[in-house]
Amino acid sequence: MNQSKADESMMISGIVTPPVAMEAKKTGQTVPQLSIIKAVPDVAFVPEATILALIAIKLTRKWHSRISHPFLKENDTPS
């Protein structure tokens with residue numbers, strides 16, 4: 001698997017994350033402990049949340065491939 005290419009999980013996350021980030025921010029504004037989130041504008045919060053979600057997916061895939069094939073080097077592909 002080529003990890004530099006986008007796959008279905010990254011596409012779905014890229015589509016689903018922005019509305020989820022908006023709802024999370026809206027919900028976080030009502031919680032007193034997270035009231036600081038009001039200071040972050042939506043224009044900055046949503047792209048940051050989307051990028052963080054995509055990074056998390058990429059790291060999870062990389063971690064999973066190392067667990068699945070512990071003896072392969074990074075450039076080798078499983079047969």
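## Close-ups of a two-helix model

**Figure 1. Asp42 and Lys25 meet in a salt bridge.** Let's start with the acid: Asp42 is partly exposed, because its relative accessible area of 37% falls between the cut-offs of 20% and 50%. Keep in mind throughout that this is a predicted model. The partner of Asp42 is Lys25, and their closest N and O atoms sit 2.8 Å apart. This pair ties together distant parts of the chain, with Asp42 in helix H2 (residues 42–68), Lys25 in helix H1, and their positions 17 residues apart in sequence. Is Lys25 buried or exposed? Lys25 counts as buried, because its relative accessibility is 4%, under the 20% cut-off.

**Figure 2. A second salt bridge, with both ends in H1.** Here the side chains of Lys26 and Glu23 come together, at 3.6 Å from N to O. Both residues belong to helix H1 and are three residues apart, or about one turn of the helix. That spacing makes sense for a side-chain pair, because an α-helix has 3.6 residues a turn, so residues three or four places apart point the same way. Glu23 is partly exposed, with a relative accessible area of 45%. How many salt bridges does the count come to? The tally is two.

**Figure 3. Helix H1, end to end, with its bend at Thr17.** H1 has 23 residues and covers residues 8–30. From first C-alpha to last, H1 reaches 34 Å, close to the 33 Å expected at 1.5 Å a residue. Where does H1 bend? Look at Thr17: the bend there is about 35°, and a proline, Pro18, follows within four residues. The buried residues of this helix are Met10, Ser13, Thr17, Ala21, Lys25 and Gly28, so Thr17, where the helix bends, is on the buried list, each member being under 20% relative accessible area.

**Figure 4. Ser13 and what it touches.** Ser13 lies in helix H1 and counts as buried, because its relative accessibility is 16%. Which residues does Ser13 contact, once neighbours within four places in sequence are left aside? The answer is Pro18, Leu54 and Ile57.

**Figure 5. Gly14 beside Leu54.** Gly14 is in helix H1, while Leu54 is in helix H2. The two are 40 residues apart in sequence, yet 7.0 Å apart in space, C-alpha to C-alpha. Gly14 touches Thr50 as well as Leu54, not counting residues up to four places away in sequence. Seen from the other partner, and leaving aside its neighbours within four places, Leu54 is in contact with Met10, Ser13 and Gly14. Both ends of the pair are partly exposed: Gly14 has a relative accessible area of 28%, and Leu54 has one of 25%.

**Figure 6. A nonpolar patch on the surface.** Which residues form the patch? Ile12, Ile15, Val16 and Val20 do, with about 370 Å² of accessible area together. Val20 has its place in helix H1.

**Figure 7. Thr27 and Ile37.** Thr27 is a residue of helix H1 and counts as partly exposed, because its relative accessibility is 47%, between the 20% and 50% cut-offs. Thr27 and Ile37 are 10 residues apart in sequence and 10.0 Å apart in space, C-alpha to C-alpha.

**Figure 8. Stepping back to the whole protein.** The protein has two helices and zero strands. Of its 79 residues, 15% count as buried. The accessible surface comes to about 6,300 Å², and carbon and sulfur atoms account for 67% of that. What share of the contacts between residues at least 6 apart in sequence join residues at least 24 apart? That share is 64%.

Definitions and conventions. Residues are numbered from 1 along each chain as its sequence is written. This is a predicted model: local features need pLDDT of at least 70, side-chain atom pairs count only at pLDDT 80 or more; totals for chains, interfaces and linings use all residues. Side-chain values use heavy atoms; hydrogens and water are left out. Buried means under 20% relative accessible area, exposed over 50%, partly exposed in between (1.4 Å probe, protein chains only). Contact means heavy atoms within 4.5 Å. A salt bridge is a side-chain nitrogen of Lys or Arg within 4 Å of a carboxyl oxygen of Asp or Glu. Patches are made of residues with over 30% relative accessible area and no salt bridge: like charges are joined within 9 Å, nonpolar side chains (Val, Leu, Ile, Met, Phe, Trp, Tyr) within 5 Å. Accessible areas come from the Shrake-Rupley method with a 1.4 Å probe; for residues, only the protein chains shown count as cover. The expected span of a helix is 1.5 Å times one less than its number of residues. The bend at a residue is the angle between axes fitted to the seven residues ending there and the seven starting there.
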